[in-house]
Amino acid sequence: MNYLPHLIALIIGCIVLWIIKRKYKKISNRELIIIFILFVILVALFTDPGMDLIKRFINFIQLQ
């Protein structure tokens, strides 16, 4: 699998968070870490394995 686009998105996300941290001094590191974790989850959901996991979960909970 080619994870290069996802790694690039994560790197760009880190750069954006770093710029936001420098511009707005009152943002705490804890808030930035939470934002980064949510961003990683968002990127992971839109990969092929993430989408397959969601499809399997939906098929598992559907009633026959």
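Ile8 is partly exposed, with a relative accessible area of 42%. This residue belongs to helix α1, and it offers a convenient point of entry into what is a predicted model. Computed from C-alpha to C-alpha, 18 Å separate Ile8 from Ile33, while the two stand 25 residues apart in sequence.The chain as a whole may be considered next. Its secondary structure consists of 3 helices and 0 strands, and the order of the elements, starting at the N terminus, is α-α-α. The C-alpha trace extends over about 55 × 25 × 10 Å along its principal axes. The radius of gyration of the chain is 16 Å, whereas a compact globule of 64 residues would have a value near 11 Å. Of these 64 residues, 9% count as buried.

Attention now turns to the packing of two helices. Helix α1 comprises residues 4-23 and helix α2 comprises residues 29-45; they pack at an angle of about 160°, and their axes are 11 Å apart. Because angles over 145 degrees count as roughly antiparallel, α1 is described as roughly antiparallel to α2. The crossing in which α1 passes α2 is right-handed.

Which residues of α1 and α2 meet? On the side of α1 they are His6, Ala9, Leu10, Gly13, Cys14, Leu17 and Lys21. On the side of α2 they are Asn29, Leu32, Ile35, Phe36, Phe39, Val40 and Val43. Taken by character, the residues of this contact comprise 10 nonpolar, 3 polar and 1 charged.

One of the residues in this contact, Leu17, deserves a separate look. Leu17 is situated in helix α1. Is Leu17 buried or exposed? Its relative accessible area is 15%, so Leu17 is buried, the limit for that class being under 20%. When neighbours within four places in sequence are left aside, Leu17 is in contact with Leu32, Ile35 and Phe36. These three residues also appear among those of α2 that meet α1. With respect to Ile61, Leu17 lies 37 Å away in space, C-alpha to C-alpha, and 44 residues away in sequence.

The two residues of α1 examined here may finally be set side by side. Ile8 is partly exposed at 42% relative accessible area, whereas Leu17 is buried at 15%.

Methods. Residues are numbered from 1 along each chain as its sequence is written. This is a predicted model: local features need pLDDT of at least 70, side-chain atom pairs count only at pLDDT 80 or more; totals for chains, interfaces and linings use all residues. Side-chain values use heavy atoms; hydrogens and water are left out. Axes are lines fitted to C-alpha atoms, for helices over the stretch in contact, and angles run from 0 to 180 degrees between N-to-C directions. Helices (H or I, at least four residues) and strands (E, at least two) are DSSP runs, numbered from the N terminus. Angles under 35 degrees count as roughly parallel, over 145 as roughly antiparallel, 65 to 115 as roughly perpendicular and the rest as oblique. A crossing is left-handed if the near helix is turned anticlockwise from the far one by less than a right angle, and right-handed if clockwise. Contact means heavy atoms within 4.5 Å. Ala, Val, Leu, Ile, Met, Phe, Trp, Tyr, Cys and Pro count as nonpolar, Asp, Glu, Lys and Arg as charged, and the others, Gly among them, as polar. The radius of gyration is taken over C-alpha atoms; the globule rule is 2.2 Å times the number of residues to the power 0.38. Buried means under 20% relative accessible area, exposed over 50%, partly exposed in between (1.4 Å probe, protein chains only).
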